[in-house]
Each structure stands twice: as structure tokens, then as C-alpha cells.
Amino acid sequence: MSPHFYGKGLTLKILKKPAKAETTASLAWKRVQLARHPQRPFALDYIQKCFTEFSEIHGDRAFSDDHAIVSGFAYLSGHPVVVIGQQKGRDTKENIRRNFAMPHPEGYRKALRLMKLAEKFKRPIVTFIDTPGAYPGLGAEERGQAEAIARNLLEMAKLKVPIVSVIIGEGGSGGALGIAVANKVLMMENSIYSVISPEGCAAILWNDRERTQQASDVLRLTAPDLLSFKIIDGIIPEPEGGAQLDYDTSAKNLKKAVEKELDGLKGLSAKALEEQRYKKFRAMGVFQGK
């Protein structure tokens, strides 16, 4: 199926060519800033507006409960699903509690526990990605951060239920991918998805953080760029000026897009879902020479 842009009324419109004028540093950087906007809707905002009867599940049954990841059972238009999301905070106190949406290993293990429950009860999985990256602290490394993310990538590739992931803000490196190995990956219009932050890229490539805007252009981290590379499957429109200006419209667009993708996946067998997911990610970065 070709990638789609979800326009007004969520009528599908095939993008035959990547949108132009998205490759200047100023526009790319603007989207980076919008993706990081402190008033942007977070995972719990979308869960509250798009789902009903959300019942949050806590803990990884091994170490602790990571508040950077929220997860639980819910209903989407009457259909049971499992929802997992990375959650930022609105103020300093909440950001500290949520660890600025940078999950520890126990967060990824909690997410995997919910995914396995979804598979057991044959419920589709919806994940919301919004993180600068996995937490790089000493404690996280001691508890197996790399192994926890790698385990999620392996297990998600083999899950026998539909998975739809939406990048709602920042999609940072393996920290994002740890809950984003999905059959369908969507992005909000002003979200970003990249292997590294623009600041980190500028520091590594040029040893100059002042070139952050240039790095945001070079990284090709905006939704139109990633759609053209077939890294993602669709773009969900936001109100003019960003999702933070109209939560209801943003949530309505997101809900319709997720429902559309889940409807398209529900007829596939468990084996077909697994194969489709595997082929999708194996095709990324393939070089096609003469």
C-alpha cells in the first residue's frame, strides 16, 4: 500500500512526490521547535480524548514502575486495544517524575509486558512516541538499557497482533524505536523522527552546536521527508500553527487515522502481520544501484 497523507476529513490522498520546501533549515528547525512545544498534546492527552475506559497498568514485575511510559487497556470506538505511550511533564516537578519522557529499562520491559498481554488476549496495540531518547544514565545502563530496547525490537517483530505507532512529538533514536516496530507508523504533521537530535548531530559533525539548524535540515527528520523515504506510512494533519492550539481537532484527526490503519490490518492473519512488519523494516535503507 502506498504511503498516505490524511487530509481534511481524513480522505486519503496519495503523495506521489515528497513535499517541497521542507528541506530548508528554517522550516525543519521550526518543526523541531513545534515538536518540542511544552503545550503540545502528550500521550495521556490523546489517550483521554481518543479512548474510553483506559485502565493503566504499572510496573515491569522486575524492578519498578517507570513513569516515562504509560500503558494499559482501553477501548477505541468500542473495540478493545492496548495503549502504550511515552509521557512528558507539563512542569518541572512532573518532568522530573516522568524523567522528561526518557524511559529506563524497566519502562521498556513494562511496555513489553503489556504487548505480550495484548497478544495473549488478541488485542491490537497502539503506541505513542514522544521522547528525546532512552535515558543514558548510569543506573539505566547497569540495569541493561541496550538489552531492554533490543529485546523489544525482537519481540515486537514477532507479535501476532496488529501494531500502529504514532510519533506525536519527538521520536528520538532507539528510545523511540523501542515501542515503534509497528505494521503502520504514522507521524503528526509537526513531529520529528531521527537517529539523533539536531544538537547532537551538530556537535558530532562540526563540533559546533551553533549549527543546530543546519543539522536539522541535514537529518531529514520531518514527516514529509520520512514519508518520501517510506520510513513512515502516513502523516496526520495538525491545526495551523501546531497541535498545541487545538487539542480536540488534533485528537480527532489522530483517532480517525489510527482507526483507518487498524481497519486495514484486521483482516490479516497472525503470520501475515508478522511478515508484513518484517518486510517493512528490512526494506528500509536498501540500496538500489544500477
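# A walk through the cores and helix contacts

Hi everyone. Let's start at Lys120, which lies in helix 4. One thing to keep in mind from the outset: what we have in front of us is a predicted model.

So, is Lys120 buried or exposed? Its relative accessible area is 60%, and because the cut-off for exposed is over 50%, Lys120 counts as exposed. Now look along the chain from there to Pro132. These two residues are 12 apart along the chain, and their C-alpha atoms are separated by 31 Å.

Let's stay with helix 4 and turn to the inside of the protein. The largest nonpolar core has 33 residues. Which residues have the most contacts inside this core? They are Ile84, Met115, Ile125, Tyr193 and Ile232. Several elements each supply at least two residues of the core, among them strand 4 (69-76), strand 5 (79-86), strand 6 (125-131) and strand 7 (163-172). Helices are on that list too, including helix 4 (105-120), helix 6 (145-158) and helix 10 (223-228). The largest share, 6 residues, comes from helix 4.

If you want one residue to click on, try Ile125. Leaving aside residues up to four places away in sequence, Ile125 touches Val82, Ile84, Met115, Ala118, Leu159, Val161, Pro162, Ile163 and Val164. Ile84 and Met115 are names you have just heard, as residues with the most contacts inside the core.

There is also a second, separate core, of 26 residues, which includes Val126, Leu186, Met188 and Ala243. Please remember Met188 and Ala243, as we will meet them again.

Next, how helices pack. The axes of helix 4 and helix 6 come within 9 Å and cross at roughly 20 degrees. Because an angle under 35 degrees counts as roughly parallel, helix 4 is roughly parallel to helix 6. The crossing is left-handed. On the helix 4 side, the contact is made by Pro105, Tyr108, Arg109, Ala111, Leu112, Met115, Lys116 and Glu119. On the helix 6 side, the residues include Gln145, Ala148, Ile149, Arg151, Asn152 and Met156. What is the mix of classes in this contact? There are 8 nonpolar, 2 polar and 7 charged residues.

While we are on helix 6, find Leu154, which has its place there. At 42% relative accessibility, Leu154 counts as partly exposed. Leu154 and Leu34 are 120 residues apart in sequence, and their C-alpha atoms are 32 Å apart in space.

Now for a second helix pair. The axes of helix 2 (residues 43-50) and helix 11 come within 9 Å and cross at roughly 75 degrees. Why do we call this pair roughly perpendicular? Because 65 to 115 degrees is the range for that word, helix 2 counts as roughly perpendicular to helix 11. From helix 2, Asp45, Tyr46, Lys49 and Cys50 take part, and they meet Tyr247, Asp248, Ser250, Ala251, Leu254 and Lys255 in helix 11. By class, this contact has 5 nonpolar, 1 polar and 4 charged residues.

Let's zoom in on Ser250, in helix 11 (residues 247-265). Its relative accessible area is 0%, so Ser250 is buried. Which residues does Ser250 touch, not counting those up to four places away in sequence? Tyr46, Met188, Pro239 and Ala243. And there are the two names I asked you to remember: Met188 and Ala243 belong to the second core.

Ala257 is in helix 11 as well. At 0% relative accessibility, Ala257 counts as buried too. Its C-alpha atom is 8.6 Å from that of Gly234, and the two residues are 23 apart in sequence.

Last stop: two residues with a backbone detail in common. Asn99 is not a glycine, yet its phi is positive, near 55 degrees. Asn99 is found in the loop between helix 3 (92-98) and helix 4. With 15% relative accessibility, Asn99 counts as buried, because the cut-off is under 20%.

Ser173 is the other one: its phi is positive, about 55 degrees, although Ser173 is not a glycine. Where is Ser173 found? In helix 7 (residues 173-177). Its relative accessible area is 33%, so Ser173 is partly exposed.

That's my tour. Thanks for listening!

Key. Residues numbered from 1 in each chain as written. Predicted model: local features only at pLDDT ≥ 70, side-chain atom pairs only at ≥ 80, totals over all residues. Heavy atoms only, no water. Helix = DSSP H or I, 4+ residues; strand = E, 2+ residues; numbered from the N terminus. Buried < 20%, exposed > 50% of the residue type's maximum accessible area, 1.4 Å probe, protein only. Contact = heavy atoms within 4.5 Å. Core = buried A, V, L, I, M, F, W, Y, C linked by side-chain atoms within 4.5 Å. Axes fitted to C-alpha atoms, helices over the stretch in contact; angles between N-to-C directions. Parallel < 35°, antiparallel > 145°, perpendicular 65-115°, else oblique. Left-handed = near helix turned anticlockwise from the far one by under 90°. Nonpolar A, V, L, I, M, F, W, Y, C, P; charged D, E, K, R; others polar.
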